[in-house]
Amino acid sequence: YYNYKYKYHLHLNFNLKYQLSYGFKHFNPQSSDFESLLISVSEAQYDNPSQNAQNDDSIVGKTLVMNLLDQSFEIFAKGFRNHQGIAVKEKIIFATDHGPKGGDELNRVYNNSNYGWPKASYGVAYKRKNLEYLKSHIENGFKEPEFVFLSAIGISQLIFVPEEFDKSWDNSILITSLNGKSIYRVRFETK
């Protein structure tokens with residue numbers, strides 16, 4: 001669903017059997033029941049970022065947990081520019097996020113964490129010479145990305161590689177690229 005200013009992604013995946021939109025799984029950080037799901041709300045304005053991602057009164061730039069029983073929601077994490085994909089495995093959440101020019105990110109998303117947008121990014125402004133971002137996330141009180149693509153790949157969807165695929169691909173994530181029309185593999189040393 002798109003409107004003139006914000007892009008809304010609904011991420012859900014019912015028990016990894018049926019994928020809708022960008023693929024996601026019901027998720028409740030407090031239980032193993034399928035009573036809630038994650039939703040991301042993005043704002044991707046080129047060289048005119050708002051402060052919505054840091055404003056707790058706004059849902060923009062956030063990953064939200066929505067209760068399916070009563071349709072209430074709460075902020076799970078904040079400080080995102082433009083989520084493109086979210087994947088969950090055993091309550092581990094990874095998300096891809098378009099940075100500004102360069103700076104596409106792979107983030108492990110933790111509850112109550114702040115990922116820095118629009119204050120921190122490894123990307124640069126598209127055209128505005130006076131727009132600069134803090135480079136170190138952690139030194140400025142934000143969560144560091146797990147991985148950053150400094151040359152923009154047009155980061156998109158991601159999936160956990162199923163364990164039954166091949167033993168040598170355990171602990172791997174596949175990330176798709178809009179810009180390079182490529183698939184990237186990220187392998188983690190531990191789960």
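Trainee: Is S156 buried or exposed in this predicted model?

Mentor: Let's place S156 in the predicted model: this residue lies in strand β11. Its relative accessibility is 8%, and the cut-off for the label is under 20%. Therefore S156 counts as buried.

Trainee: Which residues is S156 in contact with, leaving aside its neighbours within four places in sequence?

Mentor: Good follow-up! Start from S156 in β11 and set aside the residues within four places in sequence. The contacts of S156 are then Q84, G85, T96, T176 and L178.

Trainee: Which element gives the largest share of the largest nonpolar core?

Mentor: That core has 13 residues, and F94, L106, L158, F160, I173, I175 and F188 touch the most other members. The elements that give two or more residues to the core are β7, β11 (155-160) and β12 (172-177). The largest share is 3 residues, and the strand that gives them is β11.

Trainee: What does L158 touch, not counting residues up to four places away in sequence?

Mentor: L158 is one of the core residues that touch the most other members. Nonpolar side chains tend to be buried together in soluble globular proteins. Leaving out residues up to four places away, L158 touches G85, I86, A87, F94, A95, T96, L106, I173, L174 and I175.

Trainee: How many residues are in the other core that lies apart from it?

Mentor: Among the members of this other core are F76, F80, I93 and Y115. It lies apart from the core described above, and its count of residues is 11.

Trainee: Which strands stand at the edges of the open sheet?

Mentor: Picture 4 strands in the order β6-β7-β8-β10, with antiparallel pairing. Two of them have a single partner strand each, so one side of each is left without a neighbour in the sheet. The twist from one strand to the next averages 15 degrees. The edge strands are β6 (83-89) and β10 (147-149).

Trainee: Which residue in β8 stands opposite F94?

Mentor: Strand β7 covers residues 92-97 and strand β8 covers residues 104-108. The two pair in the antiparallel sense over 4 bridges. Opposite F94, in β8, stands R108.

Trainee: Where is the pLDDT below 50?

Mentor: The chain averages a pLDDT of 81, and 81% of the residues score at least 70. Among the elements, strand β9 (residues 113-114) has the highest mean, 98, and strand β2 (residues 18-21) the lowest, 27. One stretch has 69 contacts in the model beyond near neighbours in sequence, yet its pLDDT is below 50: residues 1-26.

Key: Residues numbered from 1 in each chain as written. Predicted model: local features only at pLDDT ≥ 70, side-chain atom pairs only at ≥ 80, totals over all residues. Heavy atoms only, no water. Pairing = 2+ DSSP bridges. Axes fitted to C-alpha atoms, helices over the stretch in contact; angles between N-to-C directions. Core = buried A, V, L, I, M, F, W, Y, C linked by side-chain atoms within 4.5 Å. Buried < 20%, exposed > 50% of the residue type's maximum accessible area, 1.4 Å probe, protein only. Contact = heavy atoms within 4.5 Å. pLDDT = per-residue confidence, 0-100.
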